[in-house]
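Biologist: Got a minute to walk me through this structure? Short answers are fine.

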Amino acid sequence: HAAVRYGPHERNLLDLWLAPSTRPTPLVVFIHGGGFVNGSRMSAAPEMIAGCLAAGVSYMAIDYRFRPGAPIQDILRDCGRAIQFVRHHASRYHLDPARIAAYGSSAGAGTSLWLAFHPDLADPASPDPILRQSSRLVAAGALNTQATYNLLRWPKLLGTSGDDFSRPGEVAAFYGLKSDTELEQAGALLADVDMLGLVSPDDPPVFLFSSQGDGPVRDRGHFLHHPEHARAVKRACDAAGVPAVIWFARLEPRLPAGHTSELRKFLQIGRAHV
């Protein structure tokens, strides 16, 4: 099912591959990266799609609005709506609405964690039947993730202010704000997008993987994907009692195999997974 519209914006589109089955199937959702300014659902890895389908797991890839046309808090809710949409239409697509997991890289990784940790977006009183559905996941995978979208927490987390890697006004604009003064007054907004602060004991298990090297931040890419992001998420999960596995390409513990196959196994196998 190609280019299915799940919301009103032109980028609210999804592609859905259905695994053949006599029973409703689990679903793995791919959320692409690109810094919330580019990227496409078309970047879903063919081996991941094929592996899921072979295991009897359906697969979905989504697009969402970009900055600066939408602030981060609205982009995240686009992705939440995609989960709610497919749950609303679970019977149409022969899906099990109780077994939906998500993963992605970079922006898609952070979004998957946000969906895993954020309280349910379901609004039982909404006139939109899609928004009455749950946004919750049973597992999340995060490849080269950011730890939080409260960007004001990054200097302490990474040991650098990030001034050399950020553009003027970029942080306030990330939230659709016009100035640092507005940012200083945006405590509730920042808390809403702070994955580290949202972790709670009832959250689903997460898979964390980083391909970056360690040490002082070298450039913007390292700033955005430093392994300390993944470590911070692991610490928050451990403190809350949320199951979390962490792997690295260049550090210990090193992933013993390709991250795609290990991620697929994680999403498909386990007590709370699909």
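**A serine, some cysteines, an arginine and the strands**

Modeller: Let's start with S135. Not counting residues up to four places away in sequence, S135 touches G80, I83, Q84, R87, L115, P119, D120 and L121. Keep in mind that this is a predicted model.

Biologist: Where is S135 placed?

Modeller: S135 is in the loop between α4, residues 107-117, and β6.

Biologist: Is S135 buried or exposed?

Modeller: S135 is buried. Its relative accessible area is 2%, and the cut-off for buried is under 20%.

Biologist: What does the side chain of S135 reach?

Modeller: It reaches the backbone nitrogen of L121, at 2.9 Å. L121 is also among the residues that S135 touches.

Biologist: New topic. How many disulfides are in the whole structure?

Modeller: Zero, after a search of the whole structure. Take C79: the nearest cysteine sulfur is that of C52, and it is 18 Å away. C79 is in no disulfide.

Biologist: Why is there no bond for C237?

Modeller: Because the closest cysteine sulfur, in C79, is 19 Å from the sulfur of C237, too far for a bond. A disulfide needs two cysteine sulfur atoms within 2.5 Å.

Biologist: And are those two buried or exposed?

Modeller: C79 is buried, with a relative accessible area of 1%. C237 counts as buried too, at 0% relative accessibility.

Biologist: On to the strands. What does β5 pair with?

Modeller: β5 covers residues 95-105. Six bridges join it to β3, residues 25-31, and these two strands run parallel. Four bridges join β5 to β6, residues 140-143, and that pair runs parallel as well.

Biologist: Which residue in β5 stands opposite I31?

Modeller: That is G104.

Biologist: And what is the bridge partner of A102 in β6?

Modeller: A140 is the bridge partner of A102.

Biologist: Last one, R11. Where does R11 sit?

Modeller: R11 is in the loop between β1, residues 4-5, and β2, residues 13-17.

Biologist: Buried or exposed, for R11?

Modeller: R11 is buried, with a relative accessible area of 19%. That counts because the cut-off for buried is under 20%.

Biologist: Which backbone oxygen lies 2.6 Å from the side chain of R11?

Modeller: The backbone oxygen of Y64. It lies 2.6 Å from a polar atom of that side chain.

Biologist: What else is R11 in contact with?

Modeller: Besides Y64, R11 is in contact with Y6, H32, G39, D63, R65 and F66. That leaves aside its neighbours within four places in sequence.

Terms used: Residues numbered from 1 in each chain as written. Predicted model: local features only at pLDDT ≥ 70, side-chain atom pairs only at ≥ 80, totals over all residues. Heavy atoms only, no water. Buried < 20%, exposed > 50% of the residue type's maximum accessible area, 1.4 Å probe, protein only. Polar contact = N/O pair within 3.5 Å; in protein donor to acceptor, adjacent residues only side chain to side chain. Contact = heavy atoms within 4.5 Å. Pairing = 2+ DSSP bridges.
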